[in-house]
Amino acid sequence: MKKRVWSIVLIAATILAVFGVGASAAKTKIDVMFWWDIDNPSLVEMKKQFNAKYPDIEVNYINVPSKEFYDKLLTMIVGGKAPDVAMLGMDKLATFASKGALTDLTKYMETQYPVTDLFDTVKPSLMYKGKYYALPRDVTTNVLYYNKKIFREHGVAYPKAGWTWDDFLAAAKKTTHFGPDGKAEHFGFNYESYADSFIHWMWQNGGDFLNADYTKSALSNKESVEALQFLVDLRLKYHVCPTIPEAQSLGREEDLFRTGRLAMYIGGVSRTQKFAAQADLDWDVVPNPVGKKGPASRIWTNLWIVPRGTKNLDAAWKFVSFVGGPEGQRIAAKTNMGIPALKSIASEPDFLSQAPDHRQYFLDAFKYGKVFPIFPEGQEYWDIVVKRELEPVWLGQRSPAEAAAAIDKIANDTLFK
């Protein structure tokens, strides 16, 4: 009898071992870190669909506020406590890759990812020195949003493709309106003061921040200084944009536009969801104004990366290739995260059938758009030197030419020497 009981126990143990009954301990857990809220609808949907496809992988979302995100991520990587996957802005890719902080994903990308379906301008934003270190979260071009109601009220024709800087300035003047108390009821335009929000103006004028291979700061050229002066004049000479103190009291540009206090605004596709939800906002988009060197739009890709040192590389790859691949990019289209990085997904109704009427202009901008510069010194150049030296320019306390010369000297003597 005793022998029979032991036989039954052995058979049961074998079944448990072979078929994994109750083997929850075998589930692989991966940490995914980002600066968005954990209950962001896009991320929630991605996690839901990923879990359905890979029930053996548990995804743990970690939120870190954007102001401390990059410093904390780098510290965690150096300390050997990095998450398995993290978001990254494209301007930080070269900085992190050059420090050896990222996992080389080239062999996976070349064999398991539809690289040929990427927009041509997206591919470089995933690479550093010829190797893939990232997959796309989403991508965006910039176009000009305009409030149709404000244009109608002031008798101004709607903007159209091919309109010039002069056309834009004339419209901005006519759509800026001050009340009896001298306060603006709505401004014609506004822009953020960080480089990736206005660099397209410099490209339209034939200027740039850097030389062609991003090894020197080259801002003090005539075309760049002209573009900076044009932007300053919008605020301080024509007053079609709020001054810096006014902007600080009014709030962000997208909120001003959404609430009908801004006639024009340049931004990416992720704003369309908020604007479409505003029932009393009558709006559309049009290509950016054309400068003397032609049209230009800034192309920006947000990324998914696998930090160096992950112990779960296989599971991490499954996650980034899911959210950065066709399934995840389709979710990005449906939830308005941004433009899907894969051409086949971006051309589907999930993306193109949404508001506004001329949504196709976001895709057209890939034809003349330019990728935001990626180089190892980028974090110090954009976040410290450029930001600090241009601040007095926006306040009218320093000329664009003086600031441009200072940026070139400081950057070339320290970062690019």
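In these exercises, a contact means heavy atoms within 4.5 Å. The model is predicted, so let us work through it together, starting with the whole chain.

**Exercise 1. Describe the overall make-up of the protein: its elements, its box and its burial.**

*Solution.*
- Begin with the elements: the protein holds 19 helices and 13 strands.
- Next, place the C-alpha atoms along the principal axes; they fill a box of roughly 100 × 55 × 40 Å.
- Then look at burial: of the 417 residues, 52% are buried.
- Turn to the contacts with a separation of 6 or more: 74% of them join residues 24 or more positions apart.

**Exercise 2. Characterise the surface and the charges of the protein.**

*Solution.*
- The accessible surface comes to about 18,900 Å², and carbon and sulfur atoms account for 54% of that surface.
- Now count the charged side chains: 51 are positive and 48 are negative.
- Finally, compare where the two sets sit: their centres lie 6 Å apart.

**Exercise 3. Check the span of helix α3 (residues 66-78), then find what covers its buried residues.**

*Solution.*
- The helix has 13 residues, and the expected span is 1.5 Å times one less than that number, so α3 should span 18 Å.
- Its end C-alpha atoms are 19 Å apart, which agrees.
- Now pick out the buried side of the list: F69, Y70, L73, M76 and I77 are buried in α3.
- The cover over these residues includes β1 (28-34), β3 (85-89), α4 (93-98) and α18 (378-394).
- Past the helix, look at G80, which follows α3 and has a positive phi, near 75 degrees.

**Exercise 4. Work out how strand β11 (residues 283-286) is oriented and paired.**

*Solution.*
- Sort the residues by direction: W283 and V285 point one way, while D284 and V286 point the other way.
- Add burial, and all four of these named residues turn out to be buried, whichever way they point.
- For the partner, turn to strand β7 (residues 143-147), which pairs with β11 in the antiparallel sense over four bridges.
- To locate one bridge, take L144, whose partner in β11 is V286.

**Exercise 5. Repeat the helix analysis for α9 (residues 222-236).**

*Solution.*
- α9 has 15 residues, and 21 Å is expected at 1.5 Å a residue.
- From first to last C-alpha α9 reaches 20 Å, close to the expected value.
- Its buried residues are S224, V225, A227, L228, F230, L231, V232, D233, L234 and R235.
- Those buried residues pack against α7 (165-175), α8 (199-204), α10 (244-250), α18 and α19 (400-415).
- Link this to Exercise 3: α18 is also among the elements covering the buried residues of α3.

Terms used:
Residues are numbered from 1 along each chain as its sequence is written. This is a predicted model: local features need pLDDT of at least 70, side-chain atom pairs count only at pLDDT 80 or more; totals for chains, interfaces and linings use all residues. Side-chain values use heavy atoms; hydrogens and water are left out. Helices (H or I, at least four residues) and strands (E, at least two) are DSSP runs, numbered from the N terminus. Buried means under 20% relative accessible area, exposed over 50%, partly exposed in between (1.4 Å probe, protein chains only). Accessible areas come from the Shrake-Rupley method with a 1.4 Å probe; for residues, only the protein chains shown count as cover. Lys and Arg count as positive and Asp and Glu as negative; His and the chain ends are not counted. The place of a charge is taken as NZ of Lys, CZ of Arg, CG of Asp or CD of Glu. Two strands pair if DSSP finds at least two bridges between them.
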